[in-house]
Amino acid sequence: MRSSIHIVDVDRTETWTRYRAGMCDSCQANCCTMPLEVRLPDLVRLGIVDAFEAEHEAPKQIARRLEKAGLIEHFNFKREVFTVARRASGDCHFLDAKTRRCTVYEQRPEICRKHPQAMSPRPHHCPYGAKRQAGSAGHDR
């Protein structure tokens, strides 16, 4: 018998669901397990980098400091893109593990603001996964 449970793999976009308004309200935030690539203005908006530092320091120097502090995993010198460090679980550093909601929603990076409509491996689709109910399948939250 084939299972009716739809398995989502964030790395396999063919498992993603076409985005519809309101989906985020019942999602377990699978998109927040994907690598988060940001630019310097995003880091300033998040309060990770000071505006003065962003204006007067080379991105390479900023990246070196942030990497040493464990705030970023990688810096792409050519594109000047920082990859924000994730938790051991794979979750975004800014995702509340219990509520599965963004803790910096108002300051969130541009890529998050435009996902999944524009900045997505599969535009207008998302790795939607329904929130598990407490007590279901032995997965209490």
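Among contacts in the chain between residues at least 6 apart in sequence, 54% join residues at least 24 apart, where contact means heavy atoms within 4.5 Å. Keep that in mind as you turn the model.

Before you start selecting, note that this is a predicted model, in which local features need pLDDT of at least 70 and side-chain atom pairs count only at pLDDT 80 or more, while totals for chains, interfaces and linings use all residues. Residues are numbered from 1 along each chain as its sequence is written, and side-chain values use heavy atoms, with hydrogens and water left out.

**The whole chain**

Show the cartoon to begin with. You will find four helices and five strands, in the order β-β-α-α-α-β-β-α-β along the sequence. Helices here (H or I, at least four residues) and strands (E, at least two) are DSSP runs, numbered from the N terminus. Now switch on the surface: the accessible area is about 9,400 Å², and carbon and sulfur atoms own 52% of that (Shrake-Rupley method with a 1.4 Å probe; for residues, only the protein chains shown count as cover). Of the 141 residues, 33% count as buried. Buried means under 20% relative accessible area, exposed over 50%, and partly exposed in between (1.4 Å probe, protein chains only).

**Strand 4 and its partners**

Select residues 81–84, which make up strand 4. Val-81 and Thr-83 on one side are buried, and so are Phe-82 and Val-84 on the other, leaving both faces of the strand covered. Next add residues 36–38: this is strand 2, paired with strand 4 in the antiparallel sense over three bridges. Two strands pair if DSSP finds at least two bridges between them. To see where they meet, look at Leu-36, which stands opposite Val-84.

Then add residues 72–76, strand 3, which also pairs with strand 4 in the antiparallel sense, over four bridges. Here Asn-76 stands opposite Val-81. Strands 3 and 4 form a hairpin with four residues between the strands, and in it Glu-80 takes a positive phi near 55°.

**The phenylalanine cluster**

Stay here and show the side chains of Phe-75, Phe-77 and Phe-82, which ring pairs link into a cluster. Rings of Phe, Tyr and Trp (its six-membered ring) pair if their centres lie within 6.5 Å; planes under 30 degrees apart count as stacked, over 60 as edge-to-face and the rest as tilted. The structure holds two such aromatic pairs. Phe-75 and Phe-77 have ring centres 4.9 Å apart and planes at 85°, so they are edge-to-face. For Phe-75 and Phe-82 the centres are 4.5 Å apart and the planes at 45°, so that pair is tilted.

Is Phe-77 buried or exposed? Phe-77 is exposed, because its relative accessible area is 51%. Phe-75, by contrast, is buried at 6%, and Phe-82 is buried too.

**The core**

In soluble globular proteins, nonpolar side chains tend to be buried together. To see this, select Leu-43, Ile-48, Val-49, Leu-66, Phe-82 and Phe-94, the residues that touch the most other members of the 19-residue largest nonpolar core. A nonpolar core is a set of buried Ala, Val, Leu, Ile, Met, Phe, Trp, Tyr and Cys residues joined through side-chain atoms within 4.5 Å. Strand 2, helix 1 (40–45), helix 3 (59–68), strand 3 and strand 4 each supply at least two residues of this core, and helix 3 gives the most, with three. Centre on Ile-48: beyond its neighbours within four places in sequence, Ile-48 is in contact with Leu-43, Arg-65, Leu-66, Leu-71 and Phe-94.

**Backbone stops**

Most residues other than glycine have a negative phi, and most peptide bonds are trans. Three places are worth a look with that in mind.

- Ala-29, in the loop between strand 1 (17–18) and strand 2, has a positive phi of about 70°; Ala-29 counts as buried because its relative accessibility is 8%.
- Arg-100, in the loop between strand 4 and helix 4, has a phi near 60°; with 13% relative accessibility, Arg-100 is buried.
- The peptide bond from His-115 to Pro-116 is cis, with omega near 0°.

Finish on His-115, in the loop between helix 4 (110–114) and strand 5 (125–126). His-115 counts as buried because its relative accessibility is 17%. Leaving aside neighbours within four places in sequence, its contacts include Trp-16, Cys-31, Met-34 and His-125.
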